[in-house]
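Dear colleague,

I am passing on the structure we spoke about, with its sequence, so that you can look at both while you read. My notes on what was found come after it.

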Amino acid sequence: MARRVAREGSSSISHKININSLVMQAAPAVRLRPSKRAQRIILRADPSSGCIIATYPEKISQKDVASFIQKHADWIEKVGTLLPPQPNLGHGGSVLINGVPTPIIHTPTSRQGCILTPNGLSVSGLAEHTESRIQRFLRDMAKKNLPVMLQEEAQRMGAQVTKVDIRNVKSRWGSCSRSGRIMLSWRLIMCPPLVQSYIMVHELAHLQHFDHSSAFWEHVDHFFSKGRTGRLAAERWLRQNGPALLRVP
Ligand SMILES: [Zn+2]
């Protein structure tokens, strides 16, 4: 999601305040983040939490923070409607697995744990544990499948991968180091296979070109099975669907 930010300079002293009472009920929650380094109040939409984050200099007054937020209530409400909703990971909800919307079926009395069935993802145990069980299931699936897929792509591209880490990161889909170490977000397991492949080809191409130069993009488009058009489609998919995937806890 594009950064949506409101700024204004300010000065003075203090700490916490119940900001949410200041904006209308339909608006997203505003989280306060006092900062030593902030020079002014900044409001930022955070797709992963569905909140607006208000960063402000520690020495600013509660009154100033409150009035800034109140002044931007319309902006907060408008941006709030663009933030992805909290996904329903309980019975009747659904989750993307390899890009396929998969119904969640809570089966409290079964002892099978979390398993994929032709009807959906069956989750046993207490209802309040459904979310964490699904997350563990997806992470395990990611740890099992993504490294295999990455090694296949690496072989195809003639790239040397020294280590693959599947991590719980919300800031990026993947990253790489010059030593050939690749990190992938477990949330990639929710994306369609072509998007997974694109992220992998992107990171592997960085082992040849440690930048985003035109040579890098040529390298990506040459090795990505769907070429440039497919790459643009994958990036579009991530822009449109990525923020909602970040809301999966
Ligand atoms: Zn890159």
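The notes below take up a sheet, the helices that pack on it, and a single loop residue.

Please keep in mind throughout that this is a predicted model.

The sheet is an open one made of three strands in the order β9-β11-β10, and its pairing is mixed. Because β9 (163-167) and β10 (174-176) stand at the edges and have a single partner strand each, one side of each of these two strands is left without a neighbour in the sheet. Neighbouring strands are turned against each other by 15° on average, if direction is ignored. Between β9 and β11 (residues 181-185), which run parallel, there are five bridges, and you can find V164 standing opposite I182 in β11.

Two helices can be described in relation to this sheet. Helix α3 (residues 130-157) packs on the sheet and touches β9 and β11, with a direction that makes about 145° with that of β9. Helix α4, for its part, lies across β10 and β11 and runs at about 15° to β10.

Helix α4 (193-206) is also what the buried residues of α6 pack against; the residues of α6 that are buried are A234, L245 and L246. The axes of α4 and α6 come within 9 Å and cross at roughly 105°, and since crossing angles of 65 to 115 degrees count as roughly perpendicular, the two helices are therefore described as roughly perpendicular to each other. Where they meet, L194, V195 and Y198 are the residues on the α4 side, while G230, R231, A234, W237 and L238 are those on the α6 side.

Helix α6 deserves a look along its length as well. With 20 residues (227-246) at 1.5 Å a residue, α6 should span 28 Å, and its end C-alpha atoms are 26 Å apart, which agrees. There is nevertheless a kink of about 45° at Q240 in α6, shortly before the proline P243.

The last point concerns the backbone at one residue. Most residues other than glycine have a negative phi. N98, however, has a positive phi of about 50° although it is not a glycine. You will find N98 in the loop between β5 (94-97) and β6 (100-106). Is N98 buried or partly exposed? N98 counts as partly exposed, because 15 other C-beta atoms lie within 10 Å, whereas a buried residue would need 20 or more.

With best wishes

Notes: Residues numbered from 1 in each chain as written. Predicted model: local features only at pLDDT ≥ 70, side-chain atom pairs only at ≥ 80, totals over all residues. Helix = DSSP H or I, 4+ residues; strand = E, 2+ residues; numbered from the N terminus. Expected span 1.5 Å × (residues − 1). Bend = angle between axes of the 7 residues up to and from the residue. Buried ≥ 20, exposed ≤ 12 C-beta atoms within 10 Å, placed from the backbone. Contact = placed C-beta atoms within 7 Å. Pairing = 2+ DSSP bridges. Axes fitted to C-alpha atoms, helices over the stretch in contact; angles between N-to-C directions. Parallel < 35°, antiparallel > 145°, perpendicular 65-115°, else oblique.
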